[in-house]
Every structure is written in structure tokens, then in C-alpha cells.
Amino acid sequence: GLGSTYIGEAFTVGYDLPNDTAYAETCASIAMILFCKRMWKIRHWAKYQDYIERELYNGMLSGISESGDAFFYENPLEINMADRKRIDKEVEESWNIKNRLPITERQKVFSCSCCPPNINRLLADIAEYIYEADGKCVYINQFAESKFKHDGITVVQKTDYPHSGRIAVTAEGTDCIMVRIPDWCKNYTVSCEYTVENGYAKICDKSFWIEFEIAPKFIAANPRVRHDAGKIAVTMGPLVYCAEKTDNEEELHNLYIDVKSTPEVLKDKIFGLPMLAAKGHAKKAAEELYSELNDKYEPCEIMLIPYHCFANRGKSDMRVWLKFREM
């Protein structure tokens, strides 16, 4: 999420990255995409395209509903519905205004509208982010079933990414193809000889395939980010995952993921993408407000969905950063 506070829709001090109150505006995510595209024009470094991919599949995409007609301005990384349940209406309104809690369901109409048209403008322009030509060399920056034609050059890409990491490429009129190696991928296979330059696999063959290993992995934040201390996020390929109360019986803040066990990729899909089932434990609450520390945990399964899919099934608790234990 980009922008740690609603005050000025800006950043405060270093590493202040709250999950539930951050502004994390959809337009800021799109601005990051535009910025990285321009930075790539200066230096053809794959890392700029890595940032673009993360925004495309997560921060930006969560700004639009699955139905395509409702939108978020703010994309929080955590929602606690209990914070919005106040006994007194007047107290509730003043408390929410003071703490500037993001809305929990996408809206179709806003009094001020910048994010909805900004999303639609980017979606209409998405083809411009897949390829870039530099003379007779073509860069494949993003992965999608597509064909690129430019100045006597033709490149065809066959893939069902991000369902799998296999990319088949055929080319005509090129000297070389530069295929981005995603920063999340540590293991990959190429069907021909290649070299690596600035995060790209440089390939001179006219027909080849490259396959990136896509598997769930755990991500930790920098220790200076106090909001995420003792927590991890789950990703798979370019997708960041989250837990919604809709899919989990226990309270999300009481869940602990077992990081010694790899989450299972389920055949069950939500909005066309796989769900994950992680092994974990739930901390059982005592009757007293305060009690002596105990080790009472119960095994449970933690269901995870792609982050951008959250809030499409009604209001629900949600969180990206989850506590963990090494079982």
C-alpha cells in the first residue's frame, strides 16, 4: 500500500506503514506504475517491471470490484469490523472520522472521482506494459497471451500466467529477446542457451520457452516496520494473499500460520484464481481480561485468497499480515 496516512494522502516517517489505517490509495498504486515505467525508460532494469507487476496484480487491482462497476479509493491491508461497531451512533461517527477508517465495500459512485477513471485508463492501456522494443531487441516485461508487432518485428507469447509460470515465445525479425526474471522467482528453466543481464534472460533463439517456478512462499517485513513485527505475508507468484473472516471460523488476529509447512494450493478457485490452505493454530481466549501466559493453541486450517479479491462477498474482517509460529 502506498501512502501511510490520510493526512495529505502522504507518508509520515520512515517505516510507518500501518495496515488498517493507511491511505494506500488506488491512484497512488497507479502512480507507482507510471513512475516505474518512466524509470525503466532511463535504465532497463527488471526491478522497475517487478514493481509494476506487484501493483498490477495487487494494489491497483483491489481498487475495482469483480463485477467491474464498484471501486475503492483506499486499499487497506487489514480490516477489523469490530472497530466499526460502536453502541452510540454519534460516538461511532466521530471515532471513525478521527481515525479515518477506510470503507469496507467498494462503491459505484463517489462525490470526488479520480480513482475509477484512473483504473479504467490504465486497463485500456495495459498492452503498452507487456513489450518494449529497443532496436531489434524486444523486452518482455509482463506475461500475457499476446502478439507484438513493431517495425518488421513480430513476437508471440503463449501462456496462462499466473496460473502457471510457463511462457512460450516465438519471434521474427529480432536480434534477441529479453525476458524478465521476476524477483519472486528463485528457480526457473529455459529451453535454450541464455545469459542474464539486469534481471533479464537474454535469448537469441527465435522459438523457446521459459518456466518460472510458482509456489506459495512466506514474506517478512523489515524489522523496522513495527506494525508487521512477528508477522508474515503469503504470496504465490505475483499474487499477494490475505485471510478473510468469510473463509475462517476463528478470529483472524488469533491465527498463527505454521511456517514450517507450505500452504496447499487448492483446486477450489475464487474469481478464477486458486485459494490456499495453510496449516496453523488458533489461540484460545481466556475468560478473564488478563491471565497468566499459557500455551493453549488448537490446530486449524487458515484459508487464504488473492488480496485483490477481498471485499467481493460482503463486509468481512481481512488481513494480509498474519502472526506465525514455527511448529
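The buried residues of helix α4 pack against α1 and α2 in this predicted model. Helix α4 spans residues 115–124, and its buried members are Cys115, Pro116, Asn118, Ile119 and Leu122. These five residues lie on the same side of α4, because the arc they cover around the axis is only 165°. Arg121 and Ala124 are exposed and occupy the face of α4 turned away from the buried side.

Helix α2, one of the two helices against which α4 packs, comprises residues 46–59 and also packs on a sheet. In that sheet, α2 touches β7 (176–180) and β10 (200–203), and the direction of α2 makes about 50° with that of β7.

The sheet in question is open and has five strands in the order β2-β3-β7-β10-β9, with mixed pairing. Its edges are formed by β2 (131–134) and β9 (195–197); each has a single partner strand, so one side of each is left without a neighbour in the sheet. From one strand to the next, the twist averages 25°. The partner of β2 in the order given is β3, which covers residues 137–140 and runs antiparallel to β2 over four bridges. Within this pairing, Asp134 has Cys137 of β3 as its bridge partner.

Elsewhere, strand β20 (residues 322–325) takes part in two pairings of opposite sense. With β13 (residues 231–236), β20 pairs in the antiparallel sense, whereas β15 (residues 255–258) and β20 run parallel. The table sets out these pairings beside that of β2 and β3.

| Strand pair | Sense | Bridges | Bridge partners or opposed residues |
|---|---|---|---|
| β2 and β3 | antiparallel | four bridges | Asp134 and Cys137 |
| β13 and β20 | antiparallel | two bridges | Ile232 and Leu322 |
| β15 and β20 | parallel | three bridges | Asp258 and Arg325 |

The nonpolar interior is considered next. The largest nonpolar core holds 65 residues, of which Ile140, Val155, Ile177, Val179, Phe212 and Leu304 touch the most other members. Beyond its neighbours within four places in sequence, Ile140 is in contact with Ile130, Tyr131, Val155, Gln157, Val169, Ile177, Met178, Val179, Arg180 and Tyr200. A second core, separate from the largest, has 20 residues, including Ala233, Tyr307, Ala311 and Met318.

Several backbone features complete the description. The peptide bond that leads from Tyr161 to Pro162 is cis, with omega near 10°. Pro162 itself belongs to the loop between β5 (153–158) and β6 (166–172).

Positive phi values occur at two residues other than glycine, described here in turn. For Ala24, phi is near 40°. Ala24 is placed in the segment before α1 (26–42). With a relative accessible area of 4%, Ala24 is buried, since the cut-off for that class is under 20%. For Phe271, phi is also positive, at about 55°. Phe271 sits in the loop between β16 (264–270) and β17 (273–283). The relative accessibility of Phe271 is 34%, so this residue counts as partly exposed.

Terms used: Residues are numbered from 1 along each chain as its sequence is written. This is a predicted model: local features need pLDDT of at least 70, side-chain atom pairs count only at pLDDT 80 or more; totals for chains, interfaces and linings use all residues. Side-chain values use heavy atoms; hydrogens and water are left out. A nonpolar core is a set of buried Ala, Val, Leu, Ile, Met, Phe, Trp, Tyr and Cys residues joined through side-chain atoms within 4.5 Å. Buried means under 20% relative accessible area, exposed over 50%, partly exposed in between (1.4 Å probe, protein chains only). Contact means heavy atoms within 4.5 Å. Two strands pair if DSSP finds at least two bridges between them. Axes are lines fitted to C-alpha atoms, for helices over the stretch in contact, and angles run from 0 to 180 degrees between N-to-C directions. The arc is that of the directions from the helix axis to the C-beta atoms.
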